[in-house]
Amino acid sequence: MKIYNLILEKMVMPAGDLLFSTKTMAELKKWRHISQLSESELINLQKENLSDLLKFAVQEIPFYKELKTEANEDPFTWIKKFPLMKKKVYKDNIDLLLSEDKDKLIKKMTSGSSGIQGITYMNIKEQDLNRAIQMLWWEWAGWKPGKPILQTGMTINRGLLKTFKDYF
């Protein structure tokens with residue numbers, strides 16, 4: 001790894017996490033480790049995470065509380081009791097699908113090119129996870145911090161964090 005890339009990854013990006021109160025680099029390190037697990041370790045992790053997610057959904061998310069789905073020891077069986085979520089159902093029930101006050105969350109929207117504009121909400125931890133996984137995908141394609149990458153999008157006003165990202 002070139003010295004510039006190393007300095008970015010070991011010093012600048014962690015300093016950015018500190019400055020912006022994020023944990024993207026810690027998430028990236030975690031996901032780099034996960035990507036090296038064996039198939040059986042990944043299946044066990046998947047089962048554990050799915051079980052935790054389903055438990056959280058039926059305990060904390062109003063939409064899923066109302067379904068009163070009966071828990072199952074096998075999360076792969078249990079998830080089949082949950083409805084397939086179509087865009088219209090999701091959009092019509094967005095407030096019932098949140099576990100936190102939406103004013104405290106980060107709102108993301110799609111263009112609506114499919115006919116229904118998609119809206120999602122995430123907290124800072126989820127945004128850090130999203131960014132880390134995206135960086136990991138880029139790494140699989142040969143990218144390293146500091147190497148140029150072409151990103152396309154519609155947002156002209158990119159904010160301070162993205163301005164730093166673009167510069168480096």
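**Exercise 1. Classify Asp-52: is this residue of the predicted model buried, partly exposed or exposed?**

Step 1. Start with the number: Asp-52 has a relative accessible area of 44%.

Step 2. Now bring in the cut-offs: buried means under 20%, exposed means over 50%, and partly exposed sits in between.

Step 3. With 44%, Asp-52 is therefore partly exposed.

Step 4. Find the residue on the chain: Asp-52 belongs to helix H3, which covers residues 39-60.

Step 5. For a feel of distance, look at Ser-40, which is 12 residues from Asp-52 along the chain. The C-alpha atoms of Asp-52 and Ser-40 are separated by 18 Å.

**Exercise 2. Describe the protein chain as a whole: how many helices and strands are there, and what pattern do they follow?**

Step 1. Count the pieces: the secondary structure comes to eight helices and two strands.

Step 2. Put them in order along the sequence, and you get α-α-α-α-α-α-β-β-α-α.

Step 3. Add the dimensions: along its principal axes, the C-alpha trace spans about 55 × 40 × 30 Å.

Step 4. Check what is tucked away: of the 168 residues in the chain, 23% are buried.

**Exercise 3. Find the largest nonpolar core: which residues make it up, and which element gives the most?**

Step 1. Recall a general idea: in soluble globular proteins, nonpolar side chains tend to be buried together.

Step 2. List the members. The largest nonpolar core has nine residues: Leu-50, Leu-54, Ala-57, Ile-61, Phe-63, Tyr-64, Trp-78, Phe-82 and Leu-97.

Step 3. Ask which elements give two or more residues; those are H3 and helix H4 (62-67).

Step 4. Pick the top contributor: H3 gives the most, with three residues.

**Exercise 4. Trace the salt-bridge network around Arg-32: which residues does it link?**

Step 1. Warm up with the principle: side chains of opposite charge can pair when their charged atoms come close.

Step 2. Take the pair Glu-9 and Arg-32. Their closest N and O atoms are 2.6 Å apart, and the cut-off for a salt bridge is within 4 Å, so this pair qualifies.

Step 3. See what that pair connects: Glu-9 is in helix H1 and Arg-32 is in helix H2 (residues 24-34), 23 residues apart.

Step 4. Now try Glu-139, whose side chain also meets Arg-32 in a salt bridge, at 2.4 Å from N to O. Because Glu-139 lies in helix H7 (residues 124-140) and Arg-32 in helix H2, this pair ties together parts that are 107 residues apart in sequence.

Step 5. Join it up: Glu-9, Arg-32 and Glu-139 form a network of salt bridges.

Step 6. Check the accessibility of each member. Glu-9 is at 7%, so it counts as buried. Glu-139 is buried as well, with 15%. Arg-32, at 25%, counts as partly exposed.

**Exercise 5. Look at another salt bridge: which residue pairs with Lys-102, and how exposed are the two partners?**

Step 1. Find the partner: Lys-102 forms a salt bridge with Asp-95, and the closest N and O atoms are 2.7 Å apart.

Step 2. Read the accessible areas. Lys-102 has 31%, so it is partly exposed. Asp-95 has 49%, which makes it partly exposed too.

Step 3. Place this pair in the tally: the salt bridges come to five.

**Exercise 6. Compare two surface patches: which residues make the nonpolar one, and which gather in the negative one?**

Step 1. For the nonpolar patch, pick out Ile-3, Tyr-4, Leu-6, Ile-7 and Met-11, which make a surface of about 500 Å².

Step 2. Zoom in on Leu-6: it lies in helix H1 (residues 3-20), and its 35% relative accessibility is why it counts as partly exposed.

Step 3. For the negative patch, name Glu-100, Asp-101, Asp-103 and Glu-126.

Step 4. Zoom in on Asp-103: it is in the loop between helix H6 (87-92) and strand S1 (106-109). At 68% relative accessibility, Asp-103 counts as exposed.

**Exercise 7. Explore the phi angle of Ser-21: is it positive or negative?**

Step 1. Set the background: most residues other than glycine have a negative phi.

Step 2. Read the angle: phi of Ser-21 is near 55°, a positive value.

Step 3. Locate the residue: Ser-21 lies in the loop between H1 and H2, and at 59% relative accessibility it counts as exposed.

Notes
Residues are numbered from 1 along each chain as its sequence is written. This is a predicted model: local features need pLDDT of at least 70, side-chain atom pairs count only at pLDDT 80 or more; totals for chains, interfaces and linings use all residues. Side-chain values use heavy atoms; hydrogens and water are left out. Patches are made of residues with over 30% relative accessible area and no salt bridge: like charges are joined within 9 Å, nonpolar side chains (Val, Leu, Ile, Met, Phe, Trp, Tyr) within 5 Å. Accessible areas come from the Shrake-Rupley method with a 1.4 Å probe; for residues, only the protein chains shown count as cover. Helices (H or I, at least four residues) and strands (E, at least two) are DSSP runs, numbered from the N terminus. Buried means under 20% relative accessible area, exposed over 50%, partly exposed in between (1.4 Å probe, protein chains only). Lys and Arg count as positive and Asp and Glu as negative; His and the chain ends are not counted. The place of a charge is taken as NZ of Lys, CZ of Arg, CG of Asp or CD of Glu. A nonpolar core is a set of buried Ala, Val, Leu, Ile, Met, Phe, Trp, Tyr and Cys residues joined through side-chain atoms within 4.5 Å.
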